[in-house]
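Biologist: Before we start, could you show me what we are going to talk about, and then take me through the reasoning behind the words you use for it?

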Amino acid sequence: MLILENVWVRSLQSRSHAVLCGLSGVIPTNRRVGILCASKIERRAFSDLIAGVRQPAIGKVRREADISSPVGRMAGIVALHTLRRNCVFAAKMHRIEPGSLIKFVAFVANIDAFMDVPYKHVPADIALAFRYALSYGLPYETYFVDGDILPQTAEFTDRFASVIKQRSATSGFIVISSNVAQVREFCDIVGVVQADKIVLYSNAQRAIHEYMRLVDLNKPDVDATETLLARIRRALKLEDWPMVAAIATSEMQDDPDSPTAIWLYGELALSRGDRRRGIDLIIRACQANPSFEEPWKALVRVAEDEQDEERLKLLASVLMTNDQCRILRMAAKIIEQTGTDAAAADAWRRVAAAARTDVGVLIEAGDRLLRAGAGEDAARIFEAAYAADPTNGRLLVMLYRSELLFSDNERLAELAALIVEFYPEEAERAVRLAQRARRPEVKAIEDGGSSTLLESVAEEALPVRIGRALKQQDVDALAEIAEAEIRREADGATGIWLLGEIALIKGDRERGGELILRACQADAELEEPWKTLGRLAEEEKSEERLSYYVSALMTNGQGRIRRLAAKALEPTGDEESILAAWRAVAHVAGADLALMLEAGDRLFRYGAAGEGAQVLSRALQVDPRNGRVLMLLYRCELTFSDDERLLALAGQINDVSPADIDRAIRLALNARKANLGKRMKERFKQPAPSDASA
């Protein structure tokens, strides 16, 4: 039995709004039960509740049977693994014999030829058939179906129908669907969600009649409260392609050159596997309206998944044509992963130029340039950012860190004195940075000693030597540095980390991972091993080891390190795990504006607009005159706040960054808030003076 006791479930958009209110009921798990929800939002909440994706805010859900994850949409499939390897992993998780499961899936879905192909490279219809076959191949007391019971592919329907007939003889089914014909034909009990209860009907026709009555009552309210952009995002997230096609057709009727319609047709082409057509349409949408962010985000997502090097270069070049700092930042990240260090450095220089006074982006750009070896460029950026925000101690430490690579002792001593005087809490870190860079003479100056070098010959800074050796994959140079570090300190984190890097270069990922973890445990403040661990997590194919790496990264109290764990989870993790990771990043972000901006933006992207708004509100307290923070907060609150609150935010945007008010108005109009857009135009857009009045 599945028992719900006074269950309340919050909305994903606003934590103050409940979707299911005091729901109670008992659902038999040994029968074929259909569930009809009049509201799509209620249906999604109910589905997430049964699947365990969302927990009730109030009340209890008791499962007295082994219920499957949603058939055809099961979690745990690794895109980089072959279909066969995914079957083996699923069999081990459910303690069944892998060989029998592989044979079952290959036969039922008729995909023998694809079993040794990575999941991400198989056609969409084969992937769909594989997911359904794998779901029905695992033993459960009750199978949970959200949508279609059979994959909509004629070639496989007969085999799947036979399997479902066998399964229904020994197991129960819970089917949540808006397809009343399917529910009428397959289910012997039908439940209708009504306000605070689930009413079960043995007569399917009576249940369908009640469901249609509730649909007619609820439809106007749903349409009135949901904005166009929210509908599009939800449809894309749920892969509801008929809904996406309907919205695109409607937008195209209103405006044949609508960027929204062109973008959505591109998404539809991508869903069908027509990658070239999809990319062309999304690029057209970007060029039609450069200020409309959604197509640009889609283009970034396509670029992140792109395997063809020439096409990836084209996508990166298109992204770099945008003048918005946020888009350039995304392009720079892609170039950083796929291009040369010189190209990445050029991209981050453009990001810094576009950021102007946005301190958060300037910090990130300077940090990336520092990693790429462009210490002098990074120092200029940090110096300009520090001049704009002299109260930011982190900027001063970053400036000090970058100048350690090239400045003389007097300049470094001057910066160190500023740190000691105004930010004494950062003084110890500055000293450690000088020691790691083999600049102990700076320590002598800070202590009031002689400016004479402590060593007869000034050595090249250690980070520069390590960085060059890693870039050139020079195992001998790395071994020499590691040996010297271990002689100096047997359990030193730097030496252990470099031994791990050597093992990774030689291809021993297991040994390398163990050494990197040891280095992280030896010195939690040394960032380089943690960054390597984050890179390992992003590249890891083993679910077990990925979970181990992510858990280790989450033990670090620094927001930048936890961010690596959240980024590693994004390609393969489920939405709830990704949201939890970004919540953890936001929790320890402190006054780090860049981290709060990224965490708030990611929470918004993954549907937690209310939590994203809370994080961005904290960022606004750190820097009240930051135009980027205001725009992101405004975009989040567009999904749930009233017009008065949005007008107040628009007023702040107009005061801080008047150039962004046009974009704020367009966002309001794109969200189908025409009245709000009109009021904003009347209040903030003053008519230009005529020649006669002049």
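Modeller: Let us begin with arginine 95, which lies in the loop between α2 (83-93) and α3 (98-109). Please keep in mind throughout that this is a predicted model.

Biologist: Why is arginine 95 called exposed?

Modeller: Its relative accessible area is 79%, and exposed means over 50%, so arginine 95 counts as exposed. Arginine 95 also has a positive phi of about 55°, although it is not a glycine.

Biologist: What makes asparagine 110 partly exposed?

Modeller: Asparagine 110 lies in the loop between α3 and α4, and its relative accessibility is 36%. Buried means under 20% and exposed over 50%, with partly exposed in between, so at 36% asparagine 110 is placed in that middle class. Asparagine 110 is not a glycine either, and it has a positive phi of about 55°.

Biologist: How do you know that the span of helix α4 agrees with what is expected?

Modeller: Helix α4 covers residues 124-137, and at 1.5 Å a residue its 14 residues should span 20 Å. The end C-alpha atoms of α4 are 20 Å apart, which means that the two values agree.

Biologist: And why is α4 said to be largely enclosed by the rest of the structure?

Modeller: The reason is a count, because 11 of the 14 residues of α4 are buried. Among them are Phe130, Arg131, Tyr132 and Tyr136.

Biologist: How many residues of strand β6 are buried?

Modeller: In β6, which covers residues 172-176, 5 of the 5 residues are buried, so this strand too is largely enclosed by the rest of the structure. Gly172, Ile174 and Ile176 point one way from β6, whereas Phe173 and Val175 point the other way, and all are buried.

Biologist: What makes β3 and β5 partners of β6?

Modeller: Strands pair if there are at least two bridges between them, and 4 bridges join β3 (residues 32-36) to β6, the two running parallel. Strand β5 (residues 142-146) is joined to β6 by 5 bridges, and these two also run parallel. Opposite valine 175 in β6 stands glycine 34, while aspartate 146 stands opposite isoleucine 176.

Biologist: What makes you describe helix α30 as mostly covered?

Modeller: Of the 13 residues of α30, 12 are buried, including Met596, Glu598, Asp601 and Arg602. Helix α30 (residues 593-605) reaches 18 Å from its first C-alpha to its last, close to the 18 Å expected at 1.5 Å a residue.

Biologist: Why is glycine 607 called buried?

Modeller: Glycine 607 has a relative accessible area of 13%, and the limit for buried is under 20%, so glycine 607 is buried. Glycine 607 lies in the loop between α30 and α31 (609-622), and just after α30 it takes a positive phi of about 95°. Its C-alpha atom is separated by 8.5 Å from that of arginine 234, although these residues are 373 residues apart along the chain.

Biologist: How do you know that helices α34 and α35 are roughly antiparallel or roughly parallel to each other?

Modeller: The axes of α34 (residues 661-670) and α35 (residues 674-684) come within 7 Å and cross at roughly 160°. Angles over 145 degrees count as roughly antiparallel, and α34 and α35 are therefore roughly antiparallel to each other. Their crossing is left-handed.

Methods:
Residues numbered from 1 in each chain as written. Predicted model: local features only at pLDDT ≥ 70, side-chain atom pairs only at ≥ 80, totals over all residues. Heavy atoms only, no water. Buried < 20%, exposed > 50% of the residue type's maximum accessible area, 1.4 Å probe, protein only. Expected span 1.5 Å × (residues − 1). Axes fitted to C-alpha atoms, helices over the stretch in contact; angles between N-to-C directions. Parallel < 35°, antiparallel > 145°, perpendicular 65-115°, else oblique. Left-handed = near helix turned anticlockwise from the far one by under 90°.
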